[in-house]
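User: Please take me through this model, setting each value against the criterion behind it.

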There are 2 protein chains.
Amino acid sequence: MPQAENLKKSGLKMTLPRMKILALFESGSERHLSAEEVYRQLLQAGDDVGLATVYRVLTQFEQAGLLVRQHFDNGKSVFELNQGEHHDHIVCLQCGRVEEFYDAEIEARQAQQAAARGFEIQGHVLHIYANCLKDDCPHRR
Amino acid sequence: MPQAENLKKSGLKMTLPRMKILALFESGSERHLSAEEVYRQLLQAGDDVGLATVYRVLTQFEQAGLLVRQHFDNGKSVFELNQGEHHDHIVCLQCGRVEEFYDAEIEARQAQQAAARGFEIQGHVLHIYANCLKDDCPHRR
DNA sequence: ACGCAAATGATAATCATTCTCATTTGCGTT
DNA sequence: AACGCAAATGAGAATGATTATCATTTGCGT
């Protein structure tokens, strides 16, 4: 029961809502979920959780390092399982496809830029917006 | 009167609130302003504008390409004059201070990463979140 | 100067998220 | 296996940023 282990390590009790929420991400039909989506999926599954709890738990999981939060330009944010390695996102403007990438040089340069200005870097967001050239992507302009 | 030209080109009437708001950015004591900050500065200057108008006008200016909007992870967004050249942002999580930077290597790497995955890059968002070490920055939470 | 669509300002509404607090629950201890 | 209590929860109120509504005002072409 790996999620239980993770909860314990984070100093969080193994409560029903927490297990359910973590299970949602780990069963992972969808990798990225907003708080509202988590809430709706739990309700549909017949679980009686409060929206406040969903927000609380997601935030705790983020702080515990179990989840990573992504804020998008439209003001919404989604969570995804933290699978260890940091990555950035490239998003297709046409079809919404999301791919992940990691570039050590980019990471290093960011650290340099921050340090050079007297900032202690806490994190960053790098979203590349693009058009993908996949066959099933609707390429109208 | 360059701002008047810009307004006309955008199909927007040359109204008092719009001139005032644009002038704020062009006189540019501060480069990045939130809607709330624009509102407060106008009130302080004795101009009687409504907050709704500020939001409306900022959005219109963004659509007209006069301003660029930056969404930050803390939920706030700021506007800055669109001066053509691209740059990224580093934001202090404590005091909200914003600085700009540009790193050619980061830009080049992004292009590579996108191309390697078959994406035609259209744009990107790179926000570094950090704590600044300035004296007037409230380092309590 | 006239008229009318466009723009404004005051306020209500919305949306995502956080807070409050009375009740419930997990879990270490008997 | 029941007890006790801090931690966690759920319902709803509160918040903060932004958007919508609508009666009044204003820019600007005639």
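User: What makes the residues of chain A and chain B count as being in contact?

Analyst: Contact means heavy atoms within 4.5 Å. By that criterion, 37 residues of chain A are in contact with 35 residues of chain B. The model is a predicted one, in which local features need pLDDT of at least 70 and side-chain atom pairs count only at pLDDT 80 or more, while totals for chains, interfaces and linings use all residues. Residues are numbered from 1 along each chain as its sequence is written, chains are lettered from A and ligands numbered from 1 in the order in which they are written, and side-chain values use heavy atoms, with hydrogens and water left out.

User: How do you know that the copies meet through the same surface?

Analyst: Of the interface residues of chain A, 95% are also interface residues in chain B, so the two copies use the same surface.

User: What area is buried between chain A and chain B?

Analyst: Buried area is the accessible area (1.4 Å probe) that two parts lose on being put together, summed over both. Here that area is about 3,200 Å², and carbon and sulfur atoms give 61% of it.

User: Why is the pair Asp103(B) and Arg109(A) called a salt bridge?

Analyst: The term requires a side-chain nitrogen of Lys or Arg within 4 Å of a carboxyl oxygen of Asp or Glu. The side chains of Asp103(B) and Arg109(A) meet at 3.5 Å, N to O, so the pair satisfies the definition. Across the interface, the rule finds 2 salt bridges.

User: What relation links chain A to chain B?

Analyst: Copies are superposed by least squares on the C-alpha atoms of residues with pLDDT of at least 70 in both. Chain A can be laid on chain B with an RMSD of 2.7 Å by a turn of 179° and a shift of 0.4 Å along the axis. That is why the relation is described as a two-fold axis. In chain A, the C-alpha of Leu126(A) is nearest the axis, at 2.5 Å.

User: What makes a residue count as near DNA strand C, and how many residues surround the strand?

Analyst: One of its heavy atoms must lie within 4 Å of the strand. The strand is surrounded by 20 residues, with Tyr55(A), Thr15(B), Asp48(B), Thr53(B) and Arg56(B) the closest. Of the strand's atoms within 4 Å of the protein, 71% belong to sugar or phosphate and the rest to bases.
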